[in-house]
Amino acid sequence: MKCPVCESESYEILKSKGKHSKELLLKCEECGNIYRETIIREKPVDVRIVISEFEKSKKAFIKLYPDEVLMVDDILDLDGKEVAVNSIEIKTSARVYRSQVSDIETIWASSMDIPARVGISVDFGGRIISKKVDVDRDFEFTVGDIVKMGNLIFKITSMKTIERKLRKGFAKAYVTKRVYGRPLEEFVRYNYDLSSNIV
């Protein structure tokens, strides 16, 4: 939408009304001119969505407007339940961070109604102990944290998230696939205890 005075495409929306056809009152950010535009929205379309709940996943369809832009981490309402977008697959089979709805083949999401399930692997010099823990979705794992899990105390050395492997920094549990660690002596002070969270 261009300003009729200076043809700038940068504007501020002052007012918006209507659902299918939106009447907008806009202010040009270049010259300050105030003008009106009407946008006719296309009808919502069904988009395939795969929702993971721990090891299980279910397929469904969600109605979205074709001109909407969807991004990873967006929260969607699916039949009254919130789901978080983990990944977006477009029609060329590529996975992208953001996309216009009309280009989306499948939305990969996880339920916000359940805790995050994270795998933990502790390396004893070749012998690996693996467990799974259920933690609050916003729980933060940080590389360098010292963790108690049952009778085991370990230091987090790296993590695998949905997007990449981390050797420093932190990640929220809902994007963390696996936490890797090395064992420490039993009498070391630890940052937190995940013993009661073991699945």
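Here are some worked exercises on charges, burial and contacts in this predicted model.

Before you start, residues are numbered from 1 along each chain as its sequence is written, and side-chain values use heavy atoms, with hydrogens and water left out. Since this is a predicted model, local features need pLDDT of at least 70 and side-chain atom pairs count only at pLDDT 80 or more, while totals for chains, interfaces and linings use all residues.

**Exercise 1. Salt bridges**

Task: find how many salt bridges there are, then work through the pairs Glu89 with Arg95, Asp134 with Arg117 and Glu140 with Lys172.

Solution.

Step 1: set the rule. A salt bridge is a side-chain nitrogen of Lys or Arg within 4 Å of a carboxyl oxygen of Asp or Glu. Run that over the model and you get 6 salt bridges.

Step 2: take Glu89 and Arg95. Their closest N and O atoms are 4.0 Å apart. For burial, use these classes: buried is under 20% relative accessible area, exposed is over 50%, and partly exposed is in between (1.4 Å probe, protein chains only). Glu89 is buried because its relative accessible area is 16%, whereas Arg95 has 48% and is partly exposed.

Step 3: go on to Asp134 and Arg117. The closest N and O atoms here are 2.8 Å apart. Asp134 sits in strand 13 (residues 127-135) and Arg117 in strand 12 (residues 116-124), so this pair ties together parts that are 17 residues apart in sequence. Strands here are DSSP runs (E, at least two residues), numbered from the N terminus. Arg117 is partly exposed, at 25% relative accessible area.

Step 4: finish with Glu140 and Lys172, whose side chains meet at 3.3 Å, N to O. Glu140 belongs to strand 14 (residues 140-142) and Lys172 to strand 18 (residues 170-172), so the bridge ties together parts 32 residues apart in sequence. Glu140 is partly exposed at 35%, and Lys172 is partly exposed at 28%.

**Exercise 2. Charged patches**

Task: pick out a negative patch and a positive patch on the surface, and place one residue from each.

Solution.

Step 1: know what qualifies. Patch members have over 30% relative accessible area and no salt bridge; like charges are joined within 9 Å, and nonpolar side chains (Val, Leu, Ile, Met, Phe, Trp, Tyr) within 5 Å. Lys and Arg count as positive, Asp and Glu as negative, and His and the chain ends are not counted.

Step 2: the negative patch gathers Glu53, Asp77, Asp79, Glu82 and Asp113. Look at Asp79, in the loop between strand 7 (75-78) and strand 8 (81-90). Asp79 is exposed, with 76% relative accessibility.

Step 3: the positive patch brings together Lys160, Lys165, Arg167 and Lys177. Lys165 is in strand 17 (residues 165-166) and is partly exposed at 44%.

**Exercise 3. Who touches whom?**

Task: list the contacts of Val147, Ser158 and Arg95, leaving aside neighbours within four places in sequence.

Solution.

Step 1: contact means heavy atoms within 4.5 Å.

Step 2: Val147 is in strand 15 (residues 146-149) and counts as buried, at 0% relative accessibility. Its contacts are Leu152, Ile153, Phe154, Ile156, Tyr190, Tyr192 and Leu194. As a distance check, Val147 and Val188 are 41 residues apart in sequence and 9.7 Å apart in space, C-alpha to C-alpha.

Step 3: Ser158 lies in strand 16 (residues 152-161) and is buried at 5%. You should find it touching Val143, Lys165, Leu166, Arg167, Val179 and Tyr180.

Step 4: Arg95 is part of strand 9 (residues 95-96). Its contacts are Ser87, Ile88, Glu89 and Trp108. For another distance, Arg95 and Glu55 are 40 residues apart in sequence and 21 Å apart in space, C-alpha to C-alpha.

**Exercise 4. Positive phi**

Task: describe the backbone and setting of Asp73 and Ser93.

Solution.

Step 1: Asp73 isn't a glycine, yet has a positive phi of about 85°. Asp73 is in the loop between strand 6 (69-71) and strand 7, and is partly exposed at 39%.

Step 2: Ser93, also not a glycine, has a positive phi of about 75°. Ser93 lies in the loop between strand 8 and strand 9 and is exposed at 55%.

Technical notes
Accessible areas come from the Shrake-Rupley method with a 1.4 Å probe; for residues, only the protein chains shown count as cover. The place of a charge is taken as NZ of Lys, CZ of Arg, CG of Asp or CD of Glu. Helices (H or I, at least four residues) and strands (E, at least two) are DSSP runs, numbered from the N terminus.
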